[in-house]
Amino acid sequence: MRFCFWTENGVRPISFLRFLISNAAAGSVIGKGGATISDFQAQSGARIQLSRNLEYFPGTTDRIIELSGSIDAILGAFNLILTKIHNEVWASRLLSMVGD
């Protein structure tokens with residue numbers, strides 16, 4: 001799926017998407033030494049920023065993640081992040097079932 005939007009003067013606008021992510025999932029998105037987040041940014045073309053460790057959305061223990069760039073880039077980054085989190089949840093469930 002590709003989306004491409006242009007302004008009247010032919011410039012692609014920058015869009016933003018902000019959402020909450022658990023602290024544990026944030027660590028997965030960042031990866032060891034920032035490797036995963038760098039890879040996701042390179043693959044998608046989006047900029048990915050997370051609130052600092054222990055900086056939570058008010059009233060929660062969730063961190064804020066912001067994606068910016070073109071709509072295509074944001075959707076690509078969002079897909080990479082959700083796939084990573086989904087795969088890790090299933091992997092941990094499988095490991096816990098094997099341990100039982």
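Contact here means heavy atoms within 4.5 Å. By that rule, residues 24 or more positions apart account for 60% of the contacts with a separation of 6 or more in this protein. The model is predicted.

**View 1. Overall fold of the predicted model.** The protein has 3 helices and 3 strands. Read from the N terminus, the elements follow the order β-α-α-β-β-α. The chain holds 100 residues, and 29% of them count as buried. The accessible surface is about 6,900 Å². Carbon and sulfur atoms make up 59% of that surface.

**View 2. The largest nonpolar core.** This core contains 16 residues. I21, I48, I65, L67 and I81 have the most contacts inside it. At least two core residues come from each of β1 (15–22), α1 (23–30), α2 (35–44), β3 (62–69) and α3 (71–99). Helix α3 gives the most, with 5 residues. In soluble globular proteins, nonpolar side chains tend to be buried together.

**View 3. Surroundings of I21.** I21 is one of the core residues with the most contacts inside the core. Leaving out neighbours within four places in sequence, its contacts include the nonpolar residues A26, V29, L50, I65, I81 and I85. D62 and R63 also touch I21. Of these partners, I65 and I81 are likewise listed among the core residues with the most contacts inside it.

**View 4. R63, a buried arginine without a salt bridge.** R63 sits in strand β3. The residue is buried, yet no salt bridge is assigned to R63. E55 is the nearest side chain of opposite charge, at 7.7 Å. A salt bridge needs a side-chain nitrogen of Lys or Arg within 4 Å of a carboxyl oxygen, so the pair does not qualify. Polar partners are present instead. The side chain of R63 makes a polar contact of 3.2 Å with the side chain of N23. The R63 side chain also reaches the backbone oxygen of S51, at 2.6 Å. Beyond four places in sequence, R63 touches F19, L20, I21, N23, A26 and I30. The list of R63 contacts also includes L50, S51, R52, N53, E55 and Y56.

**View 5. S51 in the loop between β2 and β3.** S51 lies in the loop that runs between β2 (47–50) and β3. With a relative accessibility of 14%, S51 is buried. A polar atom of its side chain lies 2.9 Å from the backbone oxygen of E55. The backbone oxygen of S51, in turn, is reached by the side chain of R63. Apart from residues up to four places away in sequence, S51 touches R63 and I64.

**View 6. The R18–E66 salt bridge.** The count of salt bridges comes to 3. In one of them, R18 pairs with E66, and the closest N and O atoms are 2.5 Å apart. R18 belongs to strand β1 and E66 to strand β3, so the bridge ties together parts 48 residues apart in sequence. The two partners contrast in burial. R18 is exposed, at 58% relative accessibility. E66 is buried, at 13%.

**View 7. The R52–E55 salt bridge.** R52 and E55 meet through their side chains, with an N to O distance of 3.9 Å. R52 is exposed, with a relative accessible area of 62%. E55 is partly exposed, at 41%. Both residues also appear among the contacts of R63. The backbone oxygen of E55 lies 2.9 Å from a polar atom of the S51 side chain.

**View 8. The K84–E88 salt bridge in helix α3.** E88 and K84 form a salt bridge, with the closest N and O atoms 3.0 Å apart. Both residues lie in helix α3, 4 residues apart, about one turn of the helix. E88 is partly exposed, with a relative accessible area of 32%. K84 is also partly exposed, at 25% relative accessibility.

**View 9. A73 beside A46.** A73 lies in helix α3. The residue is buried, with a relative accessible area of 5%. A73 and A46 are 27 residues apart in sequence. In space, their C-alpha atoms are 4.8 Å apart. Setting aside residues up to four places away in sequence, A73 touches S44, G45 and A46.

How values were computed. Residues numbered from 1 in each chain as written. Predicted model: local features only at pLDDT ≥ 70, side-chain atom pairs only at ≥ 80, totals over all residues. Heavy atoms only, no water. Core = buried A, V, L, I, M, F, W, Y, C linked by side-chain atoms within 4.5 Å. Buried < 20%, exposed > 50% of the residue type's maximum accessible area, 1.4 Å probe, protein only. Lys, Arg positive; Asp, Glu negative; His and termini not counted. Polar contact = N/O pair within 3.5 Å; in protein donor to acceptor, adjacent residues only side chain to side chain. Areas by Shrake-Rupley, 256 points an atom, 1.4 Å probe, with all protein chains shown as cover.
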